[in-house]
Amino acid sequence: MWRRALMDSKACQSWRLIAKRGAAAGNGKHASTSASAAAAVNSLLLRSLKEHYLEVSKMNPPPKVSPPSPFTIIKGALDSNGPVLKRTYGKEEISIFVMRLANIIRGEGDDPEDDGINQLFLHVDVSKPGQEDSLQFLCGLYPDALGIHSVSMRPKDESSLDVVPPSKYNGPVFQDLDEKMRDAFHSFIEERGVNESLFPFLQAWLYVKDHRNLLRWFKSVGTFITEK
């Protein structure tokens, strides 16, 4: 009886071993097929990335434009999200950040005849030595006009292109202010050279920055895919 039970047990183990070998062979075949499919997809994607990289790299840059005097370009601005231009006005230091208005207000720049870069968003920071806060303007800049969206006092360490309202009071809605006060604020920044004359330089600068970022993106995605 014990011998029969032992033989039955051995027979069951043999069948289990055969089943495991069959499953392993099937899994190996499936893994091989999956690996081949993944390699084909990666190859297709890498080819597309390379083609687009070469196409974009051949695009002609816009004519070189200098910022209006006395603004100067901040070193390293193309590789950061910090200010682009700066100048002094008496004891004040004025810094300008820029990005596309379409990236701030969704729906802007959707006109097929408008590439979106003709509507710029400015953050103008006016600071004074010894002051903990700076006066900050959020503006829309166009080829022939500049409009103020808001005016606020914010700590200097919050000086960045960040449209998220700070925790403290951010000032009244600009359009709710008296017309004379709105005009006075416009005169305030225009006196400091912040007007539509900045548009040609900032438009060209954004084009170059977007171009560089796109090329960098193609390369970084391709590198990620090729590395094992």
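**Close-up views of salt bridges and a buried serine**

**Figure 1. The arginine at the end of strand β3 and its partner in helix α3.** At 22% relative accessibility, R100 counts as partly exposed in this predicted model. R100 belongs to strand β3, which spans residues 92–100. Its side chain meets that of D210 in a salt bridge, with a distance of 2.5 Å from N to O. D210 is located in helix α3, and the pair links distant parts of the chain, 110 residues apart. D210 is likewise partly exposed, its relative accessible area being 28%. Side chains of opposite charge can pair when their charged atoms come close.

**Figure 2. The salt bridge between R212 and D79.** The closest N and O atoms of R212 and D79 are 3.0 Å apart. R212 is part of helix α3 (residues 199–226), whereas D79 sits in the loop between β1 (72–73) and β2 (85–89); the pair therefore ties together parts that are 133 residues apart in sequence. The two partners fall into separate accessibility classes: R212 is partly exposed, with a relative accessible area of 31%, while D79 counts as exposed at 52% relative accessibility. The cut-off for the exposed class is over 50%, so the value of 52% for D79 places this residue in that class.

**Figure 3. The salt bridge between R216 and D79.** The side chains of R216 and D79 meet at 3.1 Å, taken from N to O. This pair, too, links distant parts of the chain: R216 lies in helix α3 and D79 in the loop between β1 and β2, with their positions 137 residues apart in sequence. R216 has a relative accessible area of 41% and is partly exposed.

**Figure 4. The salt-bridge network of D79, R212 and R216.** These residues are linked in a network of salt bridges. Within the network, D79 pairs with R212 and also with R216. Across the whole structure, a search finds 4 salt bridges, among them the pair of R100 and D210.

**Figure 5. The surroundings of S150 in strand β6.** Strand β6 covers residues 145–155 and includes S150. Is S150 buried or exposed? With a relative accessibility of 16%, S150 counts as buried, because the buried class comprises values under 20%. When neighbours within four places in sequence are left aside, S150 is in contact with Q136, F137, L138 and F174.

Definitions and conventions: Residues numbered from 1 in each chain as written. Predicted model: local features only at pLDDT ≥ 70, side-chain atom pairs only at ≥ 80, totals over all residues. Heavy atoms only, no water. Helix = DSSP H or I, 4+ residues; strand = E, 2+ residues; numbered from the N terminus. Buried < 20%, exposed > 50% of the residue type's maximum accessible area, 1.4 Å probe, protein only. Contact = heavy atoms within 4.5 Å.
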